[in-house]
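Please load the model in a viewer and keep the sequence panel open beside it. The tour proceeds by selections, each followed by a short account of what is found there.

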Amino acid sequence: MIRGKTYTPYHITALMAPKDNLRLATPADIRRMGLVMSAGFGSTLEAAWLQPYLRTLPQDSLLTSQEYVDRCMGSKGFVTVVIEDTYEPPEVQAMAEIVPDDEAREHSMYEEKVVAGMATWKFMSGSPRIGQFNDELHVSDLETLSPSRDEHKDHTRRFHSKNRDLRKKYFHGSNWFELHTLVVHPAYWRRGHGRRLLEWGIQLACIDQIELCICAADTGLKLYQASGCELLESWQLEGDEVSPKGIAGHIMRYRPQKESSNTEKDESQAEVVALSEQLAEADLGGEQNTFPKRKA
Ligand SMILES: CC(C)(COP(=O)(O)OP(=O)(O)OC[C@H]1O[C@@H](n2cnc3c(N)ncnc32)[C@H](O)[C@@H]1OP(=O)(O)O)[C@@H](O)C(=O)NCCC(=O)NCCS
C-alpha cells in the first residue's frame with residue numbers, strides 16, 4: 001500500500017541507545033501510527049473538542065491520522081520517531097469504539113513488537129536540520145482521503161488559532177523547533193514511552209542549543225513539567241452544546257542548559273554536531289511544511 005523508500009537513519013542513531021526501542025519511523029509504519037494516534041487521542045478532551053463525532057465515524061478519524069503521519073513522512077521539515085513494545089492483545093477490545101474493527105483486528109496479527117507510541121517534530125524554516133532525517137521523501141500512496149466528518153470545523157479553527165497566536169508570541173526566528181505530536185497507544189501508557197519520546201527531542205534541543213516549543217494539552221502537562229519544560233501561558237475555550245467541557249491548552253518551552261565541558265555525553269554530542277554540520281553542508285533542503293494540524 002505504501003510506496004516510497006525507507007529512511008536512512010544518519011546520525012540519529014547517536015541519539016538512540018542500542019537497547020532503546022526507539023527508532024525513526026518508516027513508511028511501513030504509517031498505518032500502525034495512524035491507529036496509535038486514533039487510539040491515543042480518541043478518549044481525550046482534545047478529541048472531544050476537535051472530533052466530537054469520532055465514535056460514530058471512527059474510520060474518518062483513522063484516515064485523518066494516517067494522512068497526518070503520511071504527510072510528516074513526506075516533509076523534509078519533519079522527523080517522526082516511534083517507540084516499540086511487545087504487542088498486547090487486549091489493545092483491540094479496549095479500542096473497540098475508537099478504532100474501526102477491521103483495522104484493530106489487523107494489528108492483532110502481530111506477535112512481537114509493535115509501534116506503541118510516536119512523536120513528530122517540526123523544524124522551522126531556515127533550520128539546518130531540515131532534510132537531515134529523511135534522505136528520500138516518502139511519496140504518499142494512501143488510497144483514500146479522509147472526509148473528516150468526525151471533525152468540528154469551527155472548533156478546529158479556534159483551537160489552531162489559539163496555538164498559532166501563542167507560538168508567535170513566544171517563539172521567533174528559526175532558533176527553535178516544535179514537538180508537533182506526542183501520543184502513546186493507551187494499552188501501553190505509564191510504561192515510560194511518552195517520557196522517552198519526549199527525551200529524544202530534549203536531547204536534540206540540548207545538542208543544537210535551541211528551544212523546544214510545545215503546544216500542550218492537559219493530558220501532557222505533568223509529563224512535560226516533570227521533564228523540565230516551562231509553562232509559559234495557558235488558555236481555555238468555553239464548552240458548548242457539542243463539546244460541553246470545552247478545551248484548554250498550554251504553551252510550553254524547554255530551554256537547554258548551557259553545555260558542561262568534560263562528560264562522555266558531551267563527547268558523543270560533539271560527534272553528532274560534527275556529523276550534522278557535514279550533512280548540513282552537503283544538503284540544506286529548504287522545504288517548509290505547512291499542512292498538519294495536530295499539535296502535541
Ligand atoms: C500523555 C501521554 C503521551 C503519556 O504517555 P505515557 O507513555 O503514558 O507516559 P509515561 O509512562 O512516560 O509517563 C511519564 C510521566 O507522565 C506523567 N503521566 C503520564 N500519564 C499520566 C496520567 N494519566 N496521569 C497523570 N500523570 C501522567 C507522570 O508524571 C508519568 O510519570 P510516572 O509514571 O513516573 O508517574 C499519553 O497519555 C497519551 O498519548 N495521551 C493521549 C495523547 C496526548 O494527550 N498527548 C499529549 C498531548 S500534549
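How many residues does α1 have, and how far does α1 reach from its first C-alpha to its last? The model on display is a predicted one. Select α1, residues 30-42: this helix has 13 residues and reaches 18 Å between its first and last C-alpha, close to the 18 Å expected at 1.5 Å a residue. Helix α1 is mostly covered, with 13 of its 13 residues buried.

Next, display the ligand and the residues around it. The shell holds 21 residues, and the closest are Gly 194, Arg 195, Thr 219, Gly 220 and Leu 223. Two or more shell residues come from each of α1, β4 (176-184), α7 (193-208) and α8 (218-226). Which element gives the largest share of the shell? That element is α8, with five residues. Colouring the shell by residue class gives 10 nonpolar, seven polar and four charged residues.

Now select strand β5, residues 211-216. Is this strand mostly covered or mostly uncovered? Five of the six residues of β5 are buried, so the strand counts as mostly covered under the cut-off of 20 or more other C-beta atoms within 10 Å for a buried residue. Add β4 to the selection: β4 and β5 run parallel and are joined by four bridges. Within this pair, Leu 179 stands opposite Ile 214 of β5. Follow the chain from β4 through α7 to β5 to trace a β-α-β crossover, which is right-handed.

Then add strand β7, residues 247-254. Strands β5 and β7 run antiparallel, with five bridges between them. To locate one bridge, select Leu 212, whose partner in β7 is Tyr 254.

For the next stop, select residues 171-205. An unreviewed UniProt entry lists this span as "domain: N-acetyltransferase". The span is 37% helix and 26% strand, and its end C-alpha atoms lie 14 Å apart.

Finally, centre the view on Gly 228, in the loop between α8 and β6 (230-237). Why is Gly 228 classed as partly exposed? Gly 228 has 13 other C-beta atoms within 10 Å, and for that reason it is partly exposed. Select Arg 255 as well: Gly 228 and Arg 255 are 27 residues apart in sequence, and their C-alpha atoms are 8.5 Å apart in space.

Methods: Residues numbered from 1 in each chain as written. Predicted model: local features only at pLDDT ≥ 70, side-chain atom pairs only at ≥ 80, totals over all residues. Near = placed C-beta within 6 Å. Nonpolar A, V, L, I, M, F, W, Y, C, P; charged D, E, K, R; others polar. Buried ≥ 20, exposed ≤ 12 C-beta atoms within 10 Å, placed from the backbone. Pairing = 2+ DSSP bridges. Right-handed = clockwise from strand over helix to strand, strands pointing away. UniProt positions renumbered as here; feature names shortened; annotations may be inferred. Expected span 1.5 Å × (residues − 1).
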